[in-house]
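Student: I am new to this structure and would like a close look at a single part of it. Please pick one place to begin, then lead me from there through the parts you find worth describing, with each term explained as it comes up.

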Amino acid sequence: MHDELMALAGRMAAEGERPAPTPPDPVNPAMIRHWQQALGDVRDWGGEAPPAMLQVWSMPGPVKAKGPTAADAALKLLNAHGFTGVVAVNCEHVYDRPAKLGEELTSRSRFGGVVGPKRTAMGEGYFVTWYQSWYAGEERIGEMLFRVLKFQPVRRRPKGKPTPPAIGLDTAFFWEGAREGELRIQKCGECGVLRHPPGPMCPACHATRQEHVVAAGRGTVYSYVVHHHPPVPGRTPPYVVALIELAEGPRILGNVLDVAPQDVTVGMPVQLTFQRLDDEVTLPQWQPAGTPPPPPRAVPEERSDWPALELPLTPTFVIATALATRDFTPVHHDTALARAQGSQDIFLNILTTMGLVQRYVLDSVPGASIADLKVKLGAPAYAGDTLVLTGFRDGDTVTVRGTVSLGDHVKATVTLR
Ligand code: ZN
């Protein structure tokens with residue numbers, strides 16, 4: 001497949017520019033006003049269109065199928081070979097000059113290239129790039145680079161939650177301990193023998209008085225299996241189910257996390273960790289001894305030359321901006337469909353993100369003119385979240401960062417003229 005893809009990419013790149021869907025309307029005040037109102041842009045653009053509207057002019061309507069892009073053949077081949085996932089990673093605009101009211105634009109597109117295969121957090125994939133340009137007559141007014149990652153989705157965990165453990169009178173102390181970050185091992189109140197799993201009576205002296213100790217959290221793999229099949233709700237196979245021999249003596253079942261199943265060995269030293277499933281259940285689990293604690297979440301860059309712009313992403317905002325940028329993709333307005341496709345909610349579309357970055361830069365640097373706007377896309381900006389834009393300037397370069405509760409939604413580099 002790789003060789004076939006690369007050969008195809010070479011032929012596609014050699015084709016050069018070809019006609020793309022023609023904007024049906026001239027650059028007009030009604031679409032600009034609609035766009036400005038939805039995005040909260042109060043600027044007086046005079047006789048010009050906001051540059052970030054570049055792609056808006058040629059967006060198809062909701063019922064018309066999207067016209068073929070210059071990358072379709074490569075995307076199709078990747079789909080056919082299991083690279084069915086797609087996520088946009090870059091959108092870059094270059095503005096040669098603003099479009100003027102009344103201008104009838106045309107559009108052309110060309111294939112950029114394919115890079116891969118690359119291992120990514122989403123799965124193995126190829127980056128596919130294409131370009132679209134807009135012209136007034138023979139004069140190019142702007143160009144967009146668009147890059148997606150086509151990936152083989154990693155096997156999804158089966159739907160549903162893991163089966164909760166049965167918590168009874170004999171085991172309640174164990175699960176309470178786990179919630180508090182303690183691995184509690186039952187101890188006979190008479191003879192002091194440690195035992196696990198917990199039970200009502202001491203197997204050594206038959207006493208029923210119970211106490212417990214808190215295990216130090218060190219052990220070794222006594223035995224293990226790698227679970228491949230059948231699917232278990234809430235678990236992603238393959239995973240390791242191990243019998244861990246505690247430093248204190250008793251053995252306990254758990255999963256060995258943070259290690260490839262093939263790297264687990266009998267006798268391997270392990271350390272305790274906890275996996276919180278919900279408010280009720282936290283599982284004591286295991287990881288190779290010496291595994292460092294997870295790094296704290298990246299702290300957003302503090303530097304901002306200007307006040308942060310906080311945008312509450314109400315459903316109305318997400319939907320109004322999607323429609324005002326003429327993006328009718330259902331994940332931007334249809335909550336039920338977005339959720340059925342695995343999204344948390346509807347989310348902001350890319351044309352809006354481009355427009356908001358432009359708005360923030362022009363609000364922050366009055367009188368500026370933007371030559372290009374390059375965006376790296378990150379976490380989705382879901383309805384119900386808040387998008388916070390911050391930025392700073394270095395000469396003619398402005399860096400804008402947009403964060404949501406999941407992390408970075410956008411990192412943009414903007415060149416001023
Ligand atoms: Zn006993």
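**From one loop to the helix pairs**

Tutor: Gly 384 is placed in the loop that runs between strand E15 (residues 370-377) and strand E16 (residues 386-394), where helices (H or I, at least four residues) and strands (E, at least two) are DSSP runs numbered from the N terminus. Before going on, please keep in mind that this is a predicted model, in which local features need pLDDT of at least 70 and side-chain atom pairs count only at pLDDT 80 or more, while totals for chains, interfaces and linings use all residues. Residues are numbered from 1 along each chain as its sequence is written, and side-chain values use heavy atoms, with hydrogens and water left out.

Gly 384 counts as exposed because its relative accessible area is 70%; exposed means over 50%, buried under 20%, and partly exposed anything in between, for a 1.4 Å probe and protein chains only. Its C-alpha atom is separated by 33 Å from that of Gly 82, a residue 302 places away along the chain.

From this exposed residue we can turn to the interior. The largest nonpolar core holds 75 residues, and Phe 111, Val 128 and Leu 389 have the most contacts inside it; such a core is a set of buried Ala, Val, Leu, Ile, Met, Phe, Trp, Tyr and Cys residues joined through side-chain atoms within 4.5 Å. Helix H7 (residues 350-364) supplies the largest share of this core, namely eight residues. Leu 389, once its neighbours within four places in sequence are set aside, is in contact with residues including Pro 307, Leu 311, Leu 356, Tyr 360, Val 400 and Val 410, contact meaning heavy atoms within 4.5 Å. Apart from the largest core lies another, of 20 residues, among them Trp 175, Ile 185, Ile 252 and Val 281.

Trp 175 also appears among the contacts of Thr 282, a residue of strand E13 (residues 282-288). Thr 282 is at 7% relative accessibility and therefore counts as buried. Beyond its neighbours within four places in sequence, the contacts of Thr 282 also include Ala 178, Arg 179, Phe 274 and Leu 277.

The helix H7 that contributes to the largest core leads us on to helix H5, for H7 is among the elements that cover the buried residues of H5, together with H2 and strand E14 (309-312). Those buried residues are Phe 317, Val 318, Thr 321, Ala 322 and Ala 324. Helix H2 (residues 29-39) packs against helix H5 (residues 315-324) at an angle of about 160°, with the axes 9 Å apart; axes are lines fitted to C-alpha atoms, for helices over the stretch in contact, and angles run from 0 to 180 degrees between N-to-C directions. H2 and H5 are therefore roughly antiparallel, since angles over 145 degrees count as roughly antiparallel, under 35 as roughly parallel, 65 to 115 as roughly perpendicular and the rest as oblique. In this pair, His 34, Trp 35, Ala 38 and Leu 39 of H2 meet residues of H5 that include Phe 317, Ala 320 and Thr 321. The residues of that contact divide into seven nonpolar, two polar and no charged, where Ala, Val, Leu, Ile, Met, Phe, Trp, Tyr, Cys and Pro count as nonpolar, Asp, Glu, Lys and Arg as charged, and the others, Gly among them, as polar.

Just after H5 comes Arg 326, with a positive phi of about 60°, in the loop between H5 and helix H6 (335-340). Arg 326 counts as partly exposed because its relative accessibility is 26%. Asp 258, which is not a glycine, has a positive phi of about 60° too, and is placed in the loop between strand E11 (251-256) and strand E12 (269-276).

A further helix pair is formed by H1 (residues 2-14) and H3 (residues 72-80), whose axes come within 9 Å and cross at roughly 170°, so that H1 and H3 are roughly antiparallel. Here Glu 4, Leu 5, Leu 8 and Met 12 of H1 meet Asp 72, Ala 73, Ala 74, Leu 77 and Leu 78 of H3, and by class this contact has seven nonpolar, no polar and two charged residues.

Lastly, two loops contain cis peptide bonds. The bond from His 196 to Pro 197 is cis, with omega near 0°, and Pro 197 is in the loop between strand E7 (194-195) and strand E8 (210-214). His 229 and Pro 230 are likewise joined by a cis peptide bond with omega about 0°, Pro 230 being in the loop between strand E9 (218-227) and strand E10 (239-246).
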